[in-house]
Every structure is written in C-alpha cells, then in structure tokens.
Amino acid sequence: MLVSAKEMLNKAREGKYAVGQFNINNLEWTKAILLTAQEQNSPVILGVSEGAGKYMCGYKTVVGMVNGMLEELGITVPVALHLDHGSYDGAKACIEAGFSSVMFDGSHYPIEENIEKTKELVAECEKLGLSIEAEVGSIGGEEDGVIGAGECADPDECKAIADLGVTMLAAGIGNIHGKYPENWAGLSFETLAAVKEKVGDMPLVLHGGTGIPEDMIKKAISLGVAKINVNTECQLAFQEATRKYIEEGKDQQGKGFDPRKLLAPGFEAIKETVKEKMELFGSIGKA
Ligand SMILES: [Zn+2]
C-alpha cells in the first residue's frame with residue numbers, strides 16, 4: 001500500500017540520512033526502482049512529473065500500475081507515489097487519482113499567490129493524510145537552450161510557506177535540474193543553513209541530485225536535507241546500457257530483438273544507479 005512521505009522523511013531527518021525520489025517513466029523504470037528499494041530495505045519515493053504522467057496515459061494509469069506492482073512484487077518497504085513539480089490543477093488531479101504525495105510548485109508565482117495556493121492544497125492533503133511538498137526560489141536548469149543558475153530562496157519566504165503545514169520544502173540553493181555546467185558555483189550552504197534556521201525541523205528537499213559531488217550531498221544531508229530527487233542520472237544510465245547493447249549488435253543475435261531482452265540492460269543499469277544513490281544517501285536498511 002502506498003504511504004504518505006511524512007513518516008519516512010521525519011525519520012530520515014532525525015537519522016541524518018535522505019530518502020531518494022526517483023522519477024519514473026514506464027513499467028521498467030518503476031519495477032527497477034521498487035525491486036531495488038525492497039532488496040536494499042530502503043524507503044523510496046516514486047516521482048512522476050506532469051509530462052511523465054501524460055506519457056504513461058494519465059495519473060490513474062500510474063496509480064493502477066504502481067499499486068499492482070506493490071502487490072504482485074510483494075513490496076513491503078514504505079513507498080510514496082509523488083507528483084513532481086505539480087501545477088495547482090495537476091496536484092488536484094493526482095490527489096483524486098490516488099497519489100499518496102504531491103508537490104505543488106508555486107515558485108514561479110509571486111510569493112502571496114504561492115502561499116494562497118499552497119495553503120488550499122495543504123488543507124486537502126491534510127484531510128486525506130497525504131504529504132505535500134512546496135517550493136520557494138526556483139531551481140535552475142536548461143530552458144530554451146539557456147542554462148539558468150539556480151536561484152537561492154529567501155529564508156523568510158521559506159518560513160512563510162513552511163508555516164502553512166507542508167510536509168517538506170524544496171528551497172533553491174543553487175541546485176540545477178539536468179547536467180551541471182562546467183562553471184557551476186556549487187550549492188549555497190549559507191542559504192541552506194539560513195533556511196534551516198528559519199524552518200526548524202521541516203524536512204528539506206534537494207532537487208537536481210544528478211551530478212552534485214558526494215561531499216556536497218553529505219553536507220546537505222547534515223544540514224537538514226531529507227529527500228533528494230534523482231531523475232537525469234537514471235536516464236543516462238538507461239541510455240548508456242541500451243546503446244551498448246545495440247552497438248554490440250546483440251539486438252541482431254538470436255531473439256535479441258525481444259523487447260524484454262532489449263530493455264534488460266537499461267533496467268539493470270537503473271537498478272545499479274538507484275542502489276548507488278541509496279548508499280550515498282544512507283537510506284539502506286532504514287525501511
Ligand atoms: Zn525538481
């Protein structure tokens with residue numbers, strides 16, 4: 001059964017480790033992440049962007065697939081199904097479809113509007129026992145070919161949003177989605193410490209977990225980060241393994257064209273990546 005992310009994140013914050021959010025795109029992705037979490041006895045959060053939700057034929061399809069897998073694969077570790085960077089309408093749709101957690105990303109709105117919309121969604125999630133993530137200070141990344149530097153959140157605005165009763169808070173601290181540019185300035189631990197000072201025990205979320213050096217990840221966890229989002233890294237691992245299979249001509253040997261064979265190396269590569277991240281985040285054995 002899917003669970004809210006609240007308990008697993010509070011435990012992580014207290015235990016000084018982080019739970020990984022791994023974004024899913026299809027059946028192979030979902031199965032690889034769930035099996036790895038079970039094998040490593042780790043809590044896990046499955047992230048679904050609005051685009052991935054559409055790709056997988058809608059949120060109800062996603063909920064059906066994930067619930068089916070939890071049962072058929074005998075998954076007993078805590079699993080949350082979480083909307084990633086949701087719009088207001090997207091969050092409502094996921095709440096209705098049976099997600100156990102949502103993110104409302106109102107970081108592009110003026111702070112008053114972000115507060116207003118977050119507040120409404122917090123009330124809905126509270127009623128149903130779901131967890132909710134909010135965001136302050138946008139997270140950088142590539143948009144129309146321009147790589148934006150990650151913006152740093154205003155700690156007072158973080159407090160205003162945290163006080164609404166959200167479960168977890170994503171604060172921009174110079175992190176970026178996708179691959180990090182060569183000249184990246186690194187995470188702003190000054191901002192992270194200032195945010196932590198204002199929001200107290202609220203579990204903090206680090207987006208753009210791909211390519212942040214390990215020592216920075218560990219330092220971020222020590223400063224209150226309890227959830228780290230990983231997306232691009234699984235995509236790159238899948239791509240590399242699939243490319244190798246085809247370049248070696250394996251798809252042309254015997255029944256190598258069978259999709260269950262063709263997608264297997266990518267599936268194994270995702271499993272390996274998820275395991276490595278769980279090791280780095282310290283969530284192994286914490287289910
Ligand atoms: Zn993100």
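Where is Cys57 found? Select this residue to begin the tour of this predicted model. Cys57 sits in the loop that runs between α3 (50-55) and α4 (59-72). With 11 other C-beta atoms within 10 Å, Cys57 is exposed, because a residue with 12 or fewer such neighbours is placed in that class. Its phi is near 70°, a positive value in a residue other than glycine. Most residues other than glycine have a negative phi.

Next, select Lys16, in the loop between α1 (6-15) and β1 (19-23). The phi of Lys16 is also positive, near 55°. Lys16 has 14 C-beta neighbours inside 10 Å and therefore counts as partly exposed.

**The nonpolar core**

Now turn to the interior by selecting Ile33, Leu46, Val102 and Leu169. These are the residues with the most contacts inside the largest nonpolar core, which has 74 residues. Helix α12 (residues 264-281) supplies the largest share of this core, 6 residues. In soluble globular proteins, nonpolar side chains tend to be buried together.

Keep Val102 selected and display its surroundings. Leaving aside residues up to four places away in sequence, Val102 touches His82, Leu83, Gly86, Ala91, Cys94, Ile95, Cys125, Leu130 and Ile132.

From there, move to Ile95, a residue of helix α5 (residues 88-97). Is Ile95 buried or exposed? Ile95 is buried, because 22 other C-beta atoms lie within 10 Å and the threshold is 20 or more. Its contacts, again without residues up to four places away in sequence, are Val102, Glu124, Cys125, Leu128 and Leu130. For a distance to check in the viewer, Ile95 and Val122 are 11 Å apart, C-alpha to C-alpha, and 27 residues apart in sequence.

Glu124, one of the contacts of Ile95, lies in helix α6. Glu124 is partly exposed, with 15 other C-beta atoms within 10 Å. Between the C-alpha atoms of Glu124 and Lys92 the separation is 8.7 Å, although the two residues are 32 apart along the chain.

**Helix α7 and its cover**

Select residues 155-162, helix α7. Which residues of α7 are buried? They are Pro155, Cys158, Ile161 and Ala162. Looking down the axis of α7, one finds these buried residues within an arc of 115°, so they line one face of the helix. An α-helix has 3.6 residues a turn, so residues three or four places apart point the same way. Among the elements covering the buried residues of α7 are α6 (111-128), β5 (131-136), β8 (168-171) and α8.

Add α8 (residues 189-199) to the selection: its axis comes within 9 Å of that of α7, and the two cross at roughly 35°. This crossing is right-handed. On the α7 side the contact involves Pro155, Asp156, Cys158, Lys159 and Ala162, which meet Ala194, Val195, Glu197, Lys198 and Val199 of α8. Sorted by class, this contact has 6 nonpolar, 4 charged and no polar residues.

**Helices α10 and α12**

Finally, select α10 (residues 232-247) together with α12; their axes are 8 Å apart and the helices pack at an angle of about 145°. The crossing is right-handed. Residues of α10 in this contact include Cys234, Ala237, Phe238 and Tyr245, and those of α12 include Pro265, Ala269, Ile270 and Thr273. By class, the contact of α10 with α12 has 8 nonpolar, 3 polar and 5 charged residues.

Conventions:
Residues numbered from 1 in each chain as written. Predicted model: local features only at pLDDT ≥ 70, side-chain atom pairs only at ≥ 80, totals over all residues. Axes fitted to C-alpha atoms, helices over the stretch in contact; angles between N-to-C directions. Helix = DSSP H or I, 4+ residues; strand = E, 2+ residues; numbered from the N terminus. Left-handed = near helix turned anticlockwise from the far one by under 90°. Contact = placed C-beta atoms within 7 Å. Nonpolar A, V, L, I, M, F, W, Y, C, P; charged D, E, K, R; others polar. Core = buried A, V, L, I, M, F, W, Y, C linked by C-beta atoms within 7 Å. Arc of directions from axis to C-beta.
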